[in-house]
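Biologist: Could you take a close look at the salt bridges in this one for me? I'd like to hear how the charged pairs sit, and then how the rest of the chain looks around them.

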Amino acid sequence: MAIDPNYPPDPVRLALNTHPMPNNSGQGDVSRSIAIFAFSLGALYFSYAFVQRVSPSVMTSELMRDFGVGGALLGTLSAFYFYTYAVIQMPVGMLTDRFGPRKLMSFALVVCALATVGFALSPNLLSAIVLRSLIGGSVAFAFVGTMAIAGYWFNHNRNAFLAGILQTLGMLGAVFAQASLRSVVESIGWRNTMHILAVIAAVLALLIYFGVPKRTRSQRQVASYNFREAFKSAAWNRQTWLCATIGFGMCATMLSFSGLWAVPWLTTVHGYTPTRASAMASALFLGWAVTAPAVGWISDHIGRRNVLPQIGAVLYILVFLVIVYFTPDSELLLVLLIFLCGAFGSSVTVCFTVVREHNNASYASTALGLMNMFVVGSGAVMQPTIGWLLDVNWKGVMVDGARIYDAEAYAIGFSSLLVVMVLALISTFVLKETYCRSQDSDTVAPLSEVYGPASGK
């Protein structure tokens, strides 16, 4: 009788449900420690992407001074990160399916390092915009690539939990980077600060290239991969679009309400100081970060995907309605509601796994890229939509050259978020339940099965 070298399973392996995978040469296995290390590197990359995302917000006065621009043009400079990040998501998924995460993520980080150096040396706004676009495109590989690592080297019934961990680290990267980066900017200037970010990108590129395992021959599937078929498989799948709709509707509030319009709403309508309003708005990000891993873990544990987004979307809408239309006078209660809004919104985390389960494993990253394009694009679409509605309902009041909108204007503007949130809720009930099973699998992988087959091929 053959002796299983992995028996009995140790508690760490049991908890994470990683499984050994033969490496590309067939000499040895990918151990749990290597799998965890590889995922950790990807998670650091994703956190770094959020640092780059918020970096202009901590150097606004310096950028306006050096480039001689006002707020509108500075906002345009910052927004180009989102434009390229969103547009490139579908190609990122297709390339990840074709070439794997290791080389692509490393190459993208090299590009990011060079673009960040160029941004630091930019003599004018035009060159800064071009390089800011390159930064956005180069960090766009972080989320899809890290989820591919999870798919290749972790048991499938832990992917939702890992997606939650990834979401948390990204949010925390945004929350904590602002204060830290501002201190650095004040000490050494914004250009030298960008040089430091470039060095970090270069170090991460080396770590990922040497720290992430190569895919096996069966995982690569080079011969069978076809870009046209990948696009067709993902884009013609109704479930992919339902996941994208859920992602758009659930993330729009995070990116458009707390990401931009909550602070002026709290200051002009409810009388909070800008500093206090910023802290209150960030409670949504914190709620999202704290809850996302638990949402993923519960979904994996109960063997169901749709129920948490369904419950979360209902509560998400109800809490947002109270925040905007029945705003409590108590600051503590309002902060709690904003925190809960983020907590319930984090239920969308499950859909990042669902979209992979509803698509052929060979094209799973392509489908995830399409969904993530809508997630990031929600901010790019809804931020100006709310702004347009505010302008249409503006009563002509101005203070120090800035338009001041009243409570009615904000109520109408935020109603656009309710529309997409309701569409997301409807989509959660139309979405087909996967029962934590990839479409390539014949059976559901039980939680007790520690050493299951690879979900990636």
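**Salt bridges and their surroundings**

Modeller: Let's start with Arg305, which pairs up with Asp300 in a salt bridge whose closest N and O atoms are 2.9 Å apart. Both partners, Arg305 and Asp300, are buried. Keep in mind that this is a predicted model.

Next comes Asp406, in a salt bridge with Lys395, with 3.2 Å between the closest N and O atoms. Asp406 sits in the loop between strand E4 (402–403) and helix H20 (407–430), while Lys395 is in the loop between helix H19 (364–392) and strand E3 (398–399), so this pair ties together parts that are eleven residues apart in sequence. Asp406 has a relative accessible area of 28%, so it counts as partly exposed.

Then there's Asp66, which forms a salt bridge with Arg65, the closest N and O atoms being 3.0 Å apart. Asp66 is partly exposed at 30% relative accessibility, and Arg65 is exposed at 56%. This pair isn't on its own: Arg65, Asp66 and Arg191 are linked in a network of salt bridges. The full count comes to eight salt bridges.

Now for the nonpolar side of things. The largest nonpolar core has 134 residues, and Ile323 and Phe414 have the most contacts inside it. Helix H13 (residues 238–268) supplies the largest share of this core, with 15 residues. If you centre your view on Phe414, you'll find that it touches Phe257, Trp261, Trp265, Phe320, Val324, Tyr325 and Ile386, leaving aside residues up to four places away in sequence.

Out on the surface, there's a nonpolar patch formed by Ile311, Val314, Leu315, Leu318 and Phe429, together showing about 430 Å² of accessible area. Helix H16 (residues 307–325) gives the most to this patch, with four residues. Ile311 is found in helix H16, and with a relative accessible area of 45% it is partly exposed.

Stepping back to the whole chain, the secondary structure comes to 20 helices and four strands. Of the 457 residues, 54% count as buried. Among contacts between residues at least 6 apart in sequence, 83% join residues at least 24 apart. As for the outside, the chain exposes about 19,000 Å², and carbon and sulfur atoms supply 67% of that.

How values were computed
Residues are numbered from 1 along each chain as its sequence is written. This is a predicted model: local features need pLDDT of at least 70, side-chain atom pairs count only at pLDDT 80 or more; totals for chains, interfaces and linings use all residues. Side-chain values use heavy atoms; hydrogens and water are left out. Patches are made of residues with over 30% relative accessible area and no salt bridge: like charges are joined within 9 Å, nonpolar side chains (Val, Leu, Ile, Met, Phe, Trp, Tyr) within 5 Å. Accessible areas come from the Shrake-Rupley method with a 1.4 Å probe; for residues, only the protein chains shown count as cover. A salt bridge is a side-chain nitrogen of Lys or Arg within 4 Å of a carboxyl oxygen of Asp or Glu. Helices (H or I, at least four residues) and strands (E, at least two) are DSSP runs, numbered from the N terminus. Buried means under 20% relative accessible area, exposed over 50%, partly exposed in between (1.4 Å probe, protein chains only). A nonpolar core is a set of buried Ala, Val, Leu, Ile, Met, Phe, Trp, Tyr and Cys residues joined through side-chain atoms within 4.5 Å. Contact means heavy atoms within 4.5 Å.
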